[in-house]
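Work through the exercises below with the coordinates open. Try each task before reading its solution.

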Amino acid sequence: MSVDHQFDDQLDPPLFRATLRPHRSLSERGILVVIIIAGTLALIPGLIFFLMGAWPIVGFLGLDILLLYWALTRSKRGEKQYEEVGLWHDAIRIRKVDIKGRIKEIELNPFWTRLVTKLNAEDEVDSLHLIARQQRIALGEFLNPADKTSFARTFGQELSRAKR
């Protein structure tokens, strides 16, 4: 499955389109560098404890490094997740792809849809939802508050314009 699915907008280009992706700062190489540095730093106290006769501590330090590797690679899997949001005069189309590649597509009528945001203490968007009749769809749950705020501002303006 290709990560860059595009909406079928050859005949009718959208008023707005965005692809929301989670931020991941570490590459595969970055993860390897972090593990090597952590392993090297764990080696120093591990050697001291081993020489003192407390050799079981070395196993726990190794376990810490394995858990760090697991956590970083698990987090890296999250970069496969994304959401596409497209807005036309007659439709809002949302395509959500989870980390396993499962696709969920949602279509809403912009006239009956409203954008609801919840702000945090810094007046940034903490949560972002589209509400249409009995549906409540969360958008960009994996985004940081600054990115949610930027998306909400832009999408909200375009949604208002589409309703006119």
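**Exercise 1. A salt bridge in a helix**

Is Glu-158 buried or exposed? Find its salt-bridge partner and place both residues.

*Solution.* Start with the ground rules. This is a predicted model, where local features need pLDDT of at least 70, side-chain atom pairs count only at pLDDT 80 or more, and totals for chains, interfaces and linings use all residues. Residues are numbered from 1 along each chain as its sequence is written, and side-chain values use heavy atoms, with hydrogens and water left out.

Step 1. Glu-158 has a relative accessible area of 16%, so it is buried. The classes are: buried under 20% relative accessible area, exposed over 50%, partly exposed in between (1.4 Å probe, protein chains only).

Step 2. Its side chain meets that of Arg-161 in a salt bridge, 2.7 Å from N to O. The criterion is a side-chain nitrogen of Lys or Arg within 4 Å of a carboxyl oxygen of Asp or Glu.

Step 3. Both residues lie in helix H3, three residues apart, about one turn of the helix. Helices (H or I, at least four residues) and strands (E, at least two) are DSSP runs, numbered from the N terminus.

Step 4. Arg-161 has 45% relative accessibility, so it counts as partly exposed.

**Exercise 2. Salt bridges around strand E3**

How many salt bridges does a search of the whole structure find? Then examine the pair Arg-95 and Glu-105.

*Solution.* Step 1. The search returns six salt bridges.

Step 2. Arg-95 and Glu-105 meet at 2.7 Å, N to O. Arg-95 lies in strand E3 and Glu-105 in strand E4, so this pair ties together parts that are 10 residues apart in sequence.

Step 3. Check exposure. Arg-95 is buried, at 11% relative accessible area. Glu-105 is exposed, at 55%.

Step 4. Take another pair, Arg-102 and Asp-98, whose side chains also form a salt bridge (2.7 Å, N to O). Arg-102 is exposed at 53% relative accessibility. Asp-98 is partly exposed at 23%.

**Exercise 3. Strand pairing**

Which strands does E3 pair with? Describe the turns and trace the partners of Arg-93.

*Solution.* Step 1. Strand E2 (residues 82–87) is joined to E3 by six bridges, and the two run antiparallel. Two strands pair if DSSP finds at least two bridges between them.

Step 2. Strand E4 (residues 103–108) is joined to E3 by six bridges, again antiparallel.

Step 3. E2 and E3 form a hairpin with four residues between them. The hairpin of E3 and E4 has five residues between its strands, and Gly-101 in that turn has a positive phi of about 90°.

Step 4. Arg-93 in E3 stands opposite Gly-86. Its bridge partner in E4 is Glu-107. For Ile-94, the partner in E4 is Ile-106.

Step 5. Why is E3 described as largely enclosed by the rest of the structure? Five of the six residues of this strand (residues 92–97) are buried.

**Exercise 4. Rings and charges**

How many aromatic pairs does the structure hold? Which charged residues sit over the rings of Tyr-82 and Trp-88?

*Solution.* Step 1. There are four aromatic pairs. One is Phe-151 with Phe-155, stacked at 5.5 Å centre to centre with 10° between the planes. Rings of Phe, Tyr and Trp (its six-membered ring) pair if their centres lie within 6.5 Å; planes under 30 degrees apart count as stacked, over 60 as edge-to-face and the rest as tilted.

Step 2. Phe-151 and Phe-155 lie in helix H3 (residues 145–163), four residues apart, about one turn of the helix. Both are buried. Ring pairs link them with Phe-16 into a cluster.

Step 3. The charged end of Arg-21 sits over the ring of Tyr-82, 4.8 Å from its centre. Arg-93 lies over the face of Trp-88, 4.4 Å from the ring centre. The test requires NZ of Lys or CZ of Arg within 6 Å of the ring centre and within 35 degrees of the ring normal.
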